Amino acid sequence: MVTEPGPAPDPRPALAVWKFASCDGCQLTLLDCEDELLGLADRVRIDHFLEMSSVEGADGERARLEGRGPYDLSLAEGSITTPEDAERIRHVRRVSRYLVTIGACATAGGIQALRDFADVDDFLAAVYARPEYISTLGTSTPISAHVPVDFELRGCPIDRRQLLEVITAYLSGRKPQIPSHSVCFECKRRGTTCVTVAHGTPCLGPVTHAGCGAICPAYGRGCYGCFGPASRPNLRSMVAQLHRDGMSERDIQRVFHTFNATAPEHALIPELAAEEPHSSRTGSETRPERPA
């Protein structure tokens, strides 16, 4: 009796994309790659991506939240906010050769990390009619606080060009070439006049990681820091400049405690904001200007 040979194994590396506490914006960035995603699909086997498909792997099995693995590269979006997610990220780490976290939630706790500065039980009581039914942690923490991470890609949301560079780098066995300089470099490249120098607009560009293309300054408003802290940011000088531009101590803390609230580099912001003397322009609370 002659046995028919089975299908040849797929030699392409396996990719998985995971969601934790997040808005899905970074996963949508990958889907928005469109033409580039078609080319990527020729080089990788997308085995787990619930945002894109309800099946797991090539055999059409119904996808599960935990995924079965193994995967050559896993991309994880979102912070860890529940006991179940804390266990699930450990599973993801076990079944992944490389683990890359994508976005502000996964790398710095995200906007939901504002809970870290208050009592989460107060939030539960204010939002839910039966808070006893809600299982949650008291903090929103980055994935690196729970498992080893091979690379962190920042942004809210991430930049698709940087994402494709990271994926390509790991498929090629090299280190991703992601710049570590600040948004100010991007303003210079696109010929944007400095909003702080020209108009006195508060701007976090000097201490914020590049990657957004300096979109906000190009439209006349200050950078809000959505790509997280740049490499070795001079926060003391930045806080002094924000005071000179009219921001109060409370404003300074609030502008840093947004997209990347629990980034380690921002831990000294409350102390720095309190130490710097206020100028005569800080009589009222301000924030980076928005266009009318």
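**Close-up views of a predicted chain**

**View 1. The whole chain, start to finish.** The chain's accessible surface adds up to about 15200 Å², and carbon and sulfur atoms own 54% of that (areas come from the Shrake-Rupley method with a 1.4 Å probe; for residues, only the protein chains shown count as cover). What you're looking at is a predicted model, so to speak of local features takes a pLDDT of at least 70, side-chain atom pairs count only at pLDDT 80 or more, and totals for chains, interfaces and linings use all residues. Residues are numbered from 1 along each chain as its sequence is written, and side-chain values use heavy atoms, leaving out hydrogens and water. There are 12 helices and seven strands here (DSSP runs numbered from the N terminus: helices are H or I of at least four residues, strands E of at least two).

**View 2. How confident is the model, and where does that drop?** The average pLDDT (the predictor's confidence in each residue, from 0 to 100) is 88 for the chain, with 91% of the residues scoring at least 70. Residues 278-292 stay under 50, and the model gives them 36 contacts beyond four places in sequence (contact means heavy atoms within 4.5 Å).

**View 3. The largest nonpolar core.** This one has 22 residues, and L30, L75, V100, I102, L153 and L163 have the most contacts inside it (such a core is a set of buried Ala, Val, Leu, Ile, Met, Phe, Trp, Tyr and Cys residues joined through side-chain atoms within 4.5 Å; buried means under 20% relative accessible area, exposed over 50%, partly exposed in between, with a 1.4 Å probe and protein chains only). Elements giving two or more residues include β1 (14-19), α1 (25-31) and α6 (160-172). The biggest giver is α6, with five residues. Zoom in on L30: beyond its neighbours within four places in sequence, L30 touches V17, L37, L40, F49, L75, L163 and I167.

**View 4. Another core.** Apart from the largest core lies one of 21 residues, with A214, L235, M247 and I252 among them.

**View 5. Two cis peptide bonds.** G69 to P70 is cis, with omega near 0°, and P70 sits in the loop between β4 (61-62) and β5. C156 to P157 is cis too, with omega near 0°; P157 is in the loop between β7 and α6.

**View 6. Two residues with positive phi.** D24, in the loop between β1 and α1, has phi near 80° and is buried at 15% relative accessible area. R232, in the loop between α9 (215-218) and α10 (235-244), has phi near 50° and counts as exposed at 79% relative accessibility.
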